[in-house]
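Me: I'd like to get better at reading a fold from its coordinates. Could you walk me through one?

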Amino acid sequence: MRLLHLLTITALLLPLAACSSRPEAMVASAPADARGLVHSSPLFLSTSVGTVTTATEKGKSWEFVSEGLFREGLQQSLGATGLLATDRAPTYIVDVVLIDTDQPIFGTDFTVTSTIDYTIRDKRTDSPIFKERVVAPFTAKFSEAFLGAERARVANEGSMRANIEKFLGAALKALKDVKAATPTS
């Protein structure tokens, strides 16, 4: 009976994790093996976030991180990596479709796996120069957060951060030989 009460309380508190997600907890940088590519990348100081939408496929779960929070986390990640266009108009736009998150209902450790589609397009031609579906898991251990809702929040933020990091690495590696677009006057 006591276990049933605990499971009920956990199930009721789990949705509260969405309210406490923070974009700064999703900020990622390029993985170590791609950091050396940043300054020579066409994306260097030339990129901004375009559309961030949620897939509407039946049965897909995306209730723990909003489009706005993800947008802010990705924007901050582009800035932290040196890809964000800060003092000029962006040459490249990153469009995102949040496909799915695989969420646990309860457990001692929570593993969340996020699936996100990224497209980088040249703003001048509106043509895609990079497309990739990224799948990234993250496990929040019981020792990191006692309450299930807090563990769910940590796991969701960690999965988003891991997903953004994988995207940054994949994009930098895929575009390493692409010459930067020259701005038109």
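Here is a short conversation about how to read this model.

Me: What should I know about the model before starting?

Reply: It's a predicted model, where local features need pLDDT of at least 70 and side-chain atom pairs count only at pLDDT 80 or more, while totals for chains, interfaces and linings use all residues. Residues are numbered from 1 along each chain as its sequence is written, and side-chain values use heavy atoms, with hydrogens and water left out.

Me: Which pattern of helices and strands does the protein chain follow along the sequence?

Reply: Helices here are DSSP runs of H or I with at least four residues, strands are runs of E with at least two, and numbering starts at the N terminus. The protein chain has four helices and four strands, and they come in the pattern α-α-β-α-β-β-β-α.

Me: How do I read the sheet, and what is its strand order?

Reply: Strands of a sheet pair through backbone hydrogen bonds, either parallel or antiparallel. For the assignment, two strands pair if DSSP finds at least two bridges between them. In this model there's an open sheet of four strands, ordered β1-β2-β3-β4, with mixed pairing. The edges are β1 (47-54) and β4 (128-140), each of which pairs on one side only. On average, neighbouring strands of this sheet are turned by 25 degrees against each other, direction ignored. That angle comes from axes, which are lines fitted to C-alpha atoms (for helices, over the stretch in contact); angles run from 0 to 180 degrees between N-to-C directions.

Me: Where does the mixed pairing show up?

Reply: Look at the partners of β2. Strands β1 and β2 run parallel, joined by six bridges, whereas β2 (residues 92-102) and β3 (residues 110-122) run antiparallel, with ten bridges between them. As examples, S48 has I93 in β2 as its bridge partner, and Y92 stands opposite D122 in β3.

Me: Is β2 enclosed or open to the outside?

Reply: Buried means under 20% relative accessible area, exposed over 50%, and partly exposed in between, with a 1.4 Å probe and protein chains only. Nine of the eleven residues of β2 are buried, so this strand is largely enclosed by the rest of the structure. Across the protein chain, buried residues make up 46% of the 185 residues.

Me: What does S48 touch?

Reply: Contact means heavy atoms within 4.5 Å. S48 lies in strand β1 and is buried, at 15% relative accessible area. Leaving out residues up to four places away in sequence, S48 touches Q75, L78, L84, P90, Y92, I93 and V94. Helix α3 (residues 67-81) lies across β1, β2 and β3, at about 160 degrees to β1.

Me: How many salt bridges are there, and what do they connect?

Reply: Side chains of opposite charge can pair when their charged atoms come close. The cut-off is a side-chain nitrogen of Lys or Arg within 4 Å of a carboxyl oxygen of Asp or Glu. The structure holds six. In one of them, D33 pairs with K173, with the closest N and O atoms 2.5 Å apart. D33 sits in the loop between α2 (17-20) and β1 and K173 in helix α4, so the pair ties together parts 140 residues apart in sequence. D33 is exposed at 52% relative accessible area, and K173 is partly exposed at 36%.

Me: And what about D95: buried or exposed?

Reply: D95 is buried, with a relative accessible area of 14%. Its side chain meets that of R121 in a salt bridge (2.5 Å, N to O). This pair links strand β2 to strand β3, the residues being 26 apart.
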